[in-house]
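Me: I would like a close look at one part of the structure below. Please keep the reply in connected prose and state the cut-offs behind each term.

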Amino acid sequence: MFVWQLISQLGTKNRDMPTTTKAKKDSAADAKNEEFSKETYVYWYESMVLMRKFEEKAGQLYGMQKIKGFCHLYIGQEACASGSVSALRKGDKYITAYRDHGHPLALGTDPKALMAELYGKETGTTKGKGGSMHIFDKEVGFVGGHGIVGAQVPLGAGLAFAEKYNKTGNVSISYMGDGAVRQGAFHEALNLAMLWKLPAIFVIENNGYAMGTSVQRSSNVTELYTLGEAYDMPSEPVDGMSPEAVHRAVARAAERARAGEGPTLLEFRTYRYKGHSMSDPQKYRSKDEVEQYKQRDPIEILRQTILDKGLMTEQELNAIDEKIVGQVEESVKFAEESKFPDPSEALTDVYVQTDYPFVLD
Ligand SMILES: Cc1ncc(C[n+]2csc(CCOP(=O)(O)OP(=O)(O)O)c2C)c(N)n1
């Protein structure tokens, strides 16, 4: 079964979730008896178009060998990041795998610094030392960018542990692909997060494939959210192509987490339009399948919703598109003009803790 067929079944299988909890208070919208305000729709549109245009450009630049190493694009999955960010608050922590350009852009990371990082320049988010798979931005609460499949999941549980220990009221949200749920790290993290009632949200961004292997080929259980049941963790499937649906689910999970009720597992059903990375010939799926998903493109649907609701005109939306194209061009110019790090930088920022108590010699 394709992911789009699974999405059409959404709403029939939710369990253990309070269905009456309203999404994050959106007072401007409340005044008009709408669930989401114009500001929220504009934020979703701007951030999702920024992700899309930024990554289309990054793909071109990779082809021109301006960007080297690995590069995994998030195109098609944009609603997952934007719908989460609108539902959470400043102070909450975000962590994901190597498909990591979208989340920081949704959080407000400067596209110039992000592009410079892809170029390996010293003005990048991690001074050009991390590259595409290791974006970090502490200012916005983005804790990476991790290359080892599943490794970020226990780190996300640890982030939630720290927030609970420090009594901040913040939550952590950890994203992973469908392939990552086969890792032991995922199961250890879910078990401990549930045992300790950590303020954690675990998100499977199920885009149908782990590299070239479909969920159906690799797993007996294809309803991935049900894996949470092994730990009695409230779990639900979510339409990952809809920022509204993502926002509602994340808001419910955050409310539970902040109330001390512990973690939630969400399965965002989404799709990536591009290959796994830039060097993927995509022989494992048909062009037809990709085209079917493009028919329900999250940005196109959002644009139509905004028009239908009369929140903005075609001209206003086009003006946003143009502004963003300009921003992306500016980010490329900035990256081009920035310097590569000095070779001596290879020896700085290496993790060292001289007073580490367990090293005895
Ligand atoms: C522990 C580990 N095993 C294998 C790899 C190689 N690898 C990189 S990405 C990937 C597929 C992961 O797919 P998924 O979790 O579904 O995420 P997606 O790429 O779809 O976002 C694999 C096997 C790795 N990076 N780490």
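The part in question is helix α8, and the request covers its buried and exposed residues, what covers it and the elements around it: which residues of α8 are buried?

Reply: The model is predicted, so local features are described only where pLDDT is at least 70 and side-chain atom pairs count only at pLDDT 80 or more, whereas totals for chains, interfaces and linings use all residues. Residue numbers start from 1 along each chain as its sequence is written.

Some context comes before the helix. The protein has 13 helices and seven strands, where helices (H or I, at least four residues) and strands (E, at least two) are DSSP runs numbered from the N terminus. For 361 residues a compact globule would have a radius of gyration near 21 Å, and the protein agrees with this at 20 Å; the radius is taken over C-alpha atoms, and the globule rule is 2.2 Å times the number of residues to the power 0.38. Along the principal axes, the C-alpha atoms fill a box of roughly 60 × 55 × 45 Å. Of the 361 residues, 48% are buried. A residue is buried if 20 or more other C-beta atoms, placed from the backbone, lie within 10 Å of its own, exposed if 12 or fewer do, and partly exposed in between.

Helix α8 covers residues 184-195, which is twelve residues. From its first C-alpha to its last it reaches 17 Å, close to the 16 Å expected; the expected span is 1.5 Å times one less than the number of residues. The buried residues of α8 are F186, A189, L190, A193 and M194. Seen down the axis of α8, they fall within an arc of 120°, so they line one face of the helix; the arc is that of the directions from the helix axis to the C-beta atoms. An α-helix has 3.6 residues a turn, so residues three or four places apart point the same way. On the other side of α8, G184 and L195 are exposed. After α8 comes K197, with a positive phi near 50°.

The cover over the buried residues of α8 includes helix α7 (152-165) and the strands β2, β3 (200-206) and β7 (264-269). Cover is counted through contacts, that is, residue pairs whose C-beta atoms, placed from the backbone, lie within 7 Å.

Take α7. Its 14 residues should span 20 Å, and its end C-alpha atoms are 20 Å apart, which agrees. Ten of the 14 residues of α7 are buried, among them V153, L159 and K164. The elements that cover these buried residues include β1, β2, α8 and β3. Beyond α7, in the loop that leads to β2, lies K167. K167 is not a glycine, yet its phi is positive at about 50°; this residue is exposed, with 7 other C-beta atoms within 10 Å. Most residues other than glycine have a negative phi.

The strands that cover α8 belong to an open sheet of five, with order β1-β2-β3-β7-β6 and parallel pairing. Strands pair if DSSP finds at least two bridges between them. At the edges are β1 (93-95) and β6 (235-239), each paired on one side only. From one strand to the next the twist averages 20°, taken between axes fitted as lines to C-alpha atoms, with angles from 0 to 180 degrees between N-to-C directions.

Within this sheet, β2 (residues 172-177) is joined to β1 by three bridges in the parallel sense, and I173 of β2 is the bridge partner of Y94. On to β3, β2 has six bridges, again parallel, with Y175 partnered by V203. All seven residues of β3 are buried: A200, F202, I204 and N206 point one way, and I201, V203 and E205 the other way. In a regular strand the side chains alternate between the two faces of the sheet.

The last piece is the loop between β2 and α8, where D178 lies. D178 counts as buried because it has 24 C-beta neighbours inside 10 Å. Leaving out residues up to four places away in sequence, D178 touches I204, N206, N207, A210, V215 and L224.

Notes:
Two residues are in contact if their C-beta atoms, placed from the backbone, lie within 7 Å.
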